[in-house]
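Subject: Structure handover

Hello,

Here is the structure I said I would pass on. Please have it open while you read the notes under it.

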Amino acid sequence: MTAVPVAVVGAGPVGLTAALVLARAGIPVTVYEAEPALSTASRASTFHPSTLDLLHELGVAAGLHRLGRVADRIQWRNLDGHVHAELDYRVLAGTTGHPHRLHVEQSRLTPLLLAALQDTGRATLRFGTAVTAVHATPDAVELTAGDTRDGRTAHTGHYQHVVAADGSRSTLRDLAGLPSGGRAYPHYALRIVTREPLDELVPGLAPLTYVRDARASYSVLGMPDHWRLIFRIPRDVPRSQVVTPEAVRALLTRALPGAGAELPVADAHTYRLVSAVLPRFRAGRLLFVGDAAHLTSTAGGMNMNCGIHDAVAVGRALVDVHTGRAPDSTLTDALELRRSVVTSSVIPRSEARTAGIDEAGALVRALAEIRRTAADPGSALAYLTGASLLDCAPRPLDRPAPTPEEPSAPTPTVTAVKDEAHEDLVSQTHR
């Protein structure tokens, strides 16, 4: 049987990005997704400049911008409203076509990717079809998949390469015999959601704010239709305990003086924080990307962005291999580079976002350092370049220019102000 060039397992943002890179280059691709439709779960919500550049290249950035909220600065403040420092993303205007972060649910991206993929006419989509077995031959990989609605075997396919983008509980990773364990962080995350306009209740609040105070430290994200407050909770505190309405109200009252006592809460839930990296991202003709290959702290929103970068890099390498422009070893090289990026850049930077915030001395030093960074244009540029993964993401094939639907880049400025897997949810809806 003649093998189809590539199968992608997983129709999340990473899998669909890889499939779109292939299909747009003329490579036929089959996508398997165990769920009957695209996920609408609330998960990653931050897109960095480097990722927006690549999504622009794939033709979906403009549509995503219409659905999202632009965050053009990072703010650090204390509980009393004193702003320690701000960094303006516009200093990146010379290095990216998107000098800002975009806050929008990943579930708003996947329909755009799917529509673009269907428009290519080169993709076969198998929703409600879970891969249950993998058999490797010298020339292909045989995937056996079952219909998740009735449990019967629905399909057997042969592929020259398979991209495993099936998430943190990757079936393909287990079938390949690769380790699935990770290192749990000493904290888990509590996310509190409110639909109130928090920037009106807290004057001057930026849509990306790190509250750093010896009394309480947390992160704030302004989304298109709600605000998120993310707290780190020690692992030994029972997760069911922190999401009770009483516990959430007490935390908000302390964290938002003058506003938290009456702030309406739409939802509060917890999720695990785990660090894990596969020893290798390739097992024969199986290629691992995104959460199937690596996990890290959600601080800085780097893991999903890194996964999309994986998808673009591996997709491009597969195009080169399947068009005869490069040998198969190109895939190994691409995946080794992506693993190096995870271990040397993504994980250290993500962990640095919250390092020491619970220790008074470390917090003072960290705030002093961010004030120095904000006061120096070169340091501000370096910080935002690293935070945006612009120094380790695949380069856009063409320098993206903002479309009419996207924000243009004003003159770069730096503002230095007064001193300064994942998803195991325990949820409580608050009325």
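The notes below cover two sheets, two helix packings and one buried arginine.

Please keep in mind that this is a predicted model.

Sheets

One open sheet has 3 strands in the order E3-E7-E4, with antiparallel pairing. Strand E3 (46-47) and strand E4 (69-71) are at its edges; each has a single partner strand, so one side of each has no neighbour in the sheet. E4 is joined to strand E7 (residues 101-103) by 3 bridges, and the two run antiparallel. Within that pairing, Val 70 has Leu 102 in E7 as its bridge partner.

Another open sheet of 3 strands follows the order E12-E18-E21, and its pairing is antiparallel. Here the edges are taken by strand E12 (183-184) and strand E21 (294-295), and because each has a single partner strand, one side of each is left without a neighbour in the sheet. Between E12 and strand E18 (residues 274-277), which run antiparallel, there are 2 bridges. Ala 184 is paired with Val 274 of E18 as its bridge partner. Helix H10 (residues 329-352) lies across E12, E18 and E21, at about 165° to E18.

Helix H8

Which residues of helix H8 (residues 245-255) are buried? They are Val 248, Leu 251, Leu 252 and Ala 255. These residues cover an arc of only 100° around the axis, so they sit on the same side of H8. In general, an α-helix has 3.6 residues a turn, so residues three or four places apart point the same way. The buried residues of H8 pack against strands E13 (187-194), E15 (218-222), E16 (227-234) and E17 (267-271), and against helix H7 (239-242).

Arg 191

Strand E13, one of the elements that the buried residues of H8 pack against, contains Arg 191. Arg 191 counts as buried because its relative accessibility is 5%, and the cut-off for buried is under 20%. Leaving aside neighbours within four places in sequence, the contacts of Arg 191 include Ser 42, Arg 43, Arg 228, Asp 267, His 269 and Tyr 271.

Helices H2 and H9

Helix H2 (residues 49-57) packs with helix H9 (residues 302-322) at an angle of about 45°, and their axes are 10 Å apart. H2 is therefore oblique to H9. Their crossing is left-handed. On the H2 side the residues are Ser 50, Thr 51, Leu 54 and Glu 57, which meet Asn 305, Ile 308, His 309, Val 312 and Arg 316 in H9.

Regards

Methods. Residues numbered from 1 in each chain as written. Predicted model: local features only at pLDDT ≥ 70, side-chain atom pairs only at ≥ 80, totals over all residues. Heavy atoms only, no water. Pairing = 2+ DSSP bridges. Helix = DSSP H or I, 4+ residues; strand = E, 2+ residues; numbered from the N terminus. Contact = heavy atoms within 4.5 Å. Axes fitted to C-alpha atoms, helices over the stretch in contact; angles between N-to-C directions. Buried < 20%, exposed > 50% of the residue type's maximum accessible area, 1.4 Å probe, protein only. Arc of directions from axis to C-beta. Parallel < 35°, antiparallel > 145°, perpendicular 65-115°, else oblique. Left-handed = near helix turned anticlockwise from the far one by under 90°.
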